[in-house]
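Biologist: Please take a close look at one part of this model, the pairing of charged side chains. Keep it brisk, and then set that part in its surroundings.

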Amino acid sequence: MISKTNAWQSYRQVAAQTASPGQLILMLYDGAIRFLELARNGFREEDPLLFNQTINNNIIKAQNIINELNATLNMEAGAEFAANMRRLYHYLDHRLHESNQFKREDGVTEAISRITVLRDAWQEMLQKQGQGNDASTMTSLAAVG
């Protein structure tokens, strides 16, 4: 019998393997938001060890996702849009680094807000263009994937 945790991990692995490039970006945004929410919850921990570990570990996970999004930008095809996204990703990474270093919640809250806007816009674009499976979507993805 498969445990609920193993079943969930298997589902997530299959979902990632079968997702379109556009859906993968959406999954990365969702993951970053999820880890940042966990980090923000860490600011309410009473135990100093849990406080520090929860904030640190989840901010680092979110930063890894942001850095992956940054690394996948196609600077040639994306031109100015990709350059603006790169600056935004660098800014978010810097704000999260500060929040982690000084254990301040404001950078985490700002990152959640900005990434949520990106995520919602990305989801809307995918819905309008057929979930990322047609040629026009793939041209749009050239800037970010």
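**Salt bridges and their setting**

Modeller: Start with Arg 44 and Glu 105, whose side chains form a salt bridge with an N to O distance of 3.0 Å. This pair links distant parts of the chain, with the two positions 61 residues apart in numbering. Arg 44 sits in the loop between helix 2 and helix 3 (48–71). Glu 105 sits in the loop between helix 4 (75–102) and helix 5. Glu 105 counts as partly exposed, because its relative accessibility is 24%. All of this is read from a predicted model. Side chains of opposite charge can pair when their charged atoms come close.

Over the whole structure, the search returns 10 salt bridges. Two more of them share Arg 95. In one, the side chain of Arg 95 meets that of Glu 98 at 3.4 Å, N to O. Both residues belong to helix 4 and are three residues apart, about one turn of the helix. In the other, Arg 95 meets Glu 110 at 2.7 Å, N to O. Glu 110 is in helix 5 and Arg 95 in helix 4, so this pair ties together parts 15 residues apart in sequence. Salt bridges with shared partners join six residues into one network: Arg 95, Glu 98, Arg 104, Asp 106, Glu 110 and Arg 114.

Is Arg 95 buried or exposed? Its relative accessible area is 13%, so Arg 95 is buried, the cut-off being under 20%. Glu 110 is buried as well.

Now follow helix 5, the home of Glu 110. Helix 5 covers residues 106–128, 23 residues in total. From first C-alpha to last, helix 5 reaches 33 Å, close to the 33 Å expected at 1.5 Å a residue. Its buried residues include the charged Glu 110 and Arg 119. Also on that list are Val 108, Ile 112, Ile 115, Leu 118, Trp 122, Met 125 and Leu 126, among others. After helix 5 comes Gly 130, with a positive phi near 75°.

Helix 2 (residues 21–42) offers a spot without charge, Gly 31. Gly 31 counts as buried because its relative accessibility is 5%. Its C-alpha lies 7.3 Å from that of Ala 62, although the two are 31 residues apart in sequence.

Step back to the whole chain. The chain has six helices and zero strands, in the order α-α-α-α-α-α. Of its 145 residues, 36% are buried. Take the contacts between residues at least 6 apart in sequence: 61% of them join residues at least 24 apart. The chain exposes about 8,600 Å², and carbon and sulfur atoms supply 55% of that area.

How far can the model be trusted? The chain averages a pLDDT of 86, and 77% of residues score at least 70. Confidence is highest in helix 3, at 98. Confidence is lowest in helix 6 (residues 135–141), at a mean of 45. Over residues 132–139, pLDDT stays under 50, and the model has 11 contacts for that stretch beyond four places in sequence. Where pLDDT is low, the predicted coordinates should not be read in detail.

Note on methods. Residues numbered from 1 in each chain as written. Predicted model: local features only at pLDDT ≥ 70, side-chain atom pairs only at ≥ 80, totals over all residues. Heavy atoms only, no water. Helix = DSSP H or I, 4+ residues; strand = E, 2+ residues; numbered from the N terminus. Buried < 20%, exposed > 50% of the residue type's maximum accessible area, 1.4 Å probe, protein only. Expected span 1.5 Å × (residues − 1). Salt bridge = Lys/Arg side-chain N within 4 Å of Asp/Glu carboxyl O. pLDDT = per-residue confidence, 0-100. Contact = heavy atoms within 4.5 Å. Areas by Shrake-Rupley, 256 points an atom, 1.4 Å probe, with all protein chains shown as cover.
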